Amino acid sequence: MMCKLRDRYPLISNIAVEPAAGQIKLYQDLATKMAVKLNGITTDWRKQGLDEFRRAKVESGDTTKYHFISSIHSLYYVDDMEDTVKWLYEQLEDGGMMLIITVSDDSGFWRLWNRYKFFEDQLLRFLNSEHIREAFSKQKIPFINYRQKSRVDITDSFEEGNVDGQLKVDFLAHVVDFHSTASPALQQELLEYLGGPECSERKDGEVLFDNDWDAVIVTK
């Protein structure tokens with residue numbers, strides 16, 4: 001994405017907001033490898049969640065507006081999604097654009113989360129693209145929605161003792177060490193649901209998880 005923006009705008013000031021130090025390190029390493037292509041882009045690395053970034057910005061009296069804001073699978077982790085979406089819109093310059101990506105309301109991911117809502121915790125709140133569209137509609141903010149088809153091979157999740165497969169289940173359920181903390185009955189139930197038609201399709205011996213996601217785009 002940054003390369004595409006750099007092709008059009010020779011100088012870019014970028015703020016990267018990410019609470020996980022490991023993910024920031026991966027981002028920094030990638031930026032270093034692509035230094036030539038990213039020439040002209042300066043990045044301010046913020047080890048913060050979106051709520052934390054917002055509080056710091058408000059408390060410091062920072063009134064900076066932005067030409068482009070992207071929120072990619074991050075709104076699951078804010079305290080109040082609708083208020084956050086409104087605040088992000090207010091941070092845009094006139095003519096600015098915002099991109100919000102979440103799981104689609106018609107995806108295996110959402111059907112899984114909607115069935116097992118008790119997997120939510122104090123950090124994670126399950127939501128989908130329909131919730132984002134409703135938030136904009138309530139505030140009478142026009143938007144465009146783009147559906148993106150995505151499939152993930154989770155065949156190894158059904159192989160006994162396969163560590164990679166177990167990690168995929170952890171990620172999909174958003175439960176750490178699901179295979180060792182959940183009851184055998186719950187593990188079996190979840191795997192059957194993951195491999196069923198509500199969440200996946202089977203092709204040539206593979207189990208392909210429905211990972212469709214939506215991009216909601218707003219212009220101010």
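## Two helices at a steep angle

Helices α7 and α9 are roughly perpendicular to each other, because angles of 65 to 115 degrees count as such. In this predicted model, α7 spans residues 163–173 and α9 residues 184–195, and the two pack at an angle of about 85 degrees with their axes 12 Å apart. On the side of α7 the contact is formed by Val169, Leu172 and Ala173, and on the side of α9 by Leu190, Leu191 and Leu194. Sorted by character, the residues of this contact comprise six nonpolar, no polar and no charged.

Helix α7 also takes part in a salt bridge, in which Lys168 is paired with Asp156 and the closest N and O atoms are 3.1 Å apart. Lys168 belongs to α7 while Asp156 sits in the loop between β6 and α7, so the pair ties together parts that are 12 residues apart in sequence. With a relative accessibility of 27%, Lys168 counts as partly exposed, whereas Asp156, with a relative accessible area of 16%, is buried.

## The four-stranded sheet

An open sheet is built from four strands in the order β3-β4-β9-β5, with mixed pairing. Its edges are β3 (66–72) and β5 (144–148), each of which pairs on one side only. Averaged over the sheet and with direction ignored, neighbouring strands are turned by 15 degrees against each other.

The pairings can be followed across the sheet in the order of its strands. Strand β3 runs parallel to β4 (residues 92–103), to which it is joined by six bridges, and Ser71 stands opposite Ile100 in β4. The next pairing, between β4 and β9, is antiparallel and extends over seven bridges, with Leu99 having Ile217 in β9 as its bridge partner. Strands β5 and β9 likewise run antiparallel, joined by five bridges, and here Arg147 stands opposite Asp214 in β9.

## A helix on the sheet and its salt bridge

Helix α4 (residues 81–90) packs on the sheet, where it touches β3, β4 and β9 (213–219), and its direction makes about 145 degrees with that of β4.

From α4, Glu82 forms a salt bridge with Lys138, for which the distance between the closest N and O atoms is 3.0 Å. Since Glu82 lies in α4 and Lys138 in helix α6 (residues 129–138), the pair ties together parts that are 56 residues apart in sequence. Glu82 counts as partly exposed at 31% relative accessibility, while Lys138, at 58%, counts as exposed.

## Strands β6, β7 and β8

Strand β8 (206–210) is mostly covered, four of its five residues being buried. It is paired with β6 (residues 151–153) in the antiparallel sense through three bridges, and Val152 stands opposite Phe209 in β8. Strand β8 is also joined to β7 (residues 200–203) by four bridges, again with the strands running antiparallel, and in this pairing Glu201 stands opposite Leu208 in β8.

Strands β7 and β8 form a hairpin with two residues between the strands, in which Asp204 takes a positive phi near 50 degrees.

## Salt bridges and a shared network

How many salt bridges does the structure hold? There are 18 salt bridges in the structure. One of them joins the side chains of Arg151 and Asp212, with an N to O distance of 2.7 Å. Arg151 is part of strand β6 and Asp212 lies in the loop between β8 and β9, so this salt bridge ties together parts that are 61 residues apart in sequence. Arg151 counts as partly exposed at 29% relative accessibility, but Asp212 is buried, its relative accessible area being 9%.

Both residues also belong to a network in which salt bridges that share partners join Asp106, Arg111, Arg151, Glu198, Glu201, Asp210 and Asp212. Among the members of this network is Glu201, the residue that stands opposite Leu208 in β8.

How values were computed: Residues are numbered from 1 along each chain as its sequence is written. This is a predicted model: local features need pLDDT of at least 70, side-chain atom pairs count only at pLDDT 80 or more; totals for chains, interfaces and linings use all residues. Side-chain values use heavy atoms; hydrogens and water are left out. Two strands pair if DSSP finds at least two bridges between them. Axes are lines fitted to C-alpha atoms, for helices over the stretch in contact, and angles run from 0 to 180 degrees between N-to-C directions. Contact means heavy atoms within 4.5 Å. Angles under 35 degrees count as roughly parallel, over 145 as roughly antiparallel, 65 to 115 as roughly perpendicular and the rest as oblique. Ala, Val, Leu, Ile, Met, Phe, Trp, Tyr, Cys and Pro count as nonpolar, Asp, Glu, Lys and Arg as charged, and the others, Gly among them, as polar. A salt bridge is a side-chain nitrogen of Lys or Arg within 4 Å of a carboxyl oxygen of Asp or Glu. Buried means under 20% relative accessible area, exposed over 50%, partly exposed in between (1.4 Å probe, protein chains only).
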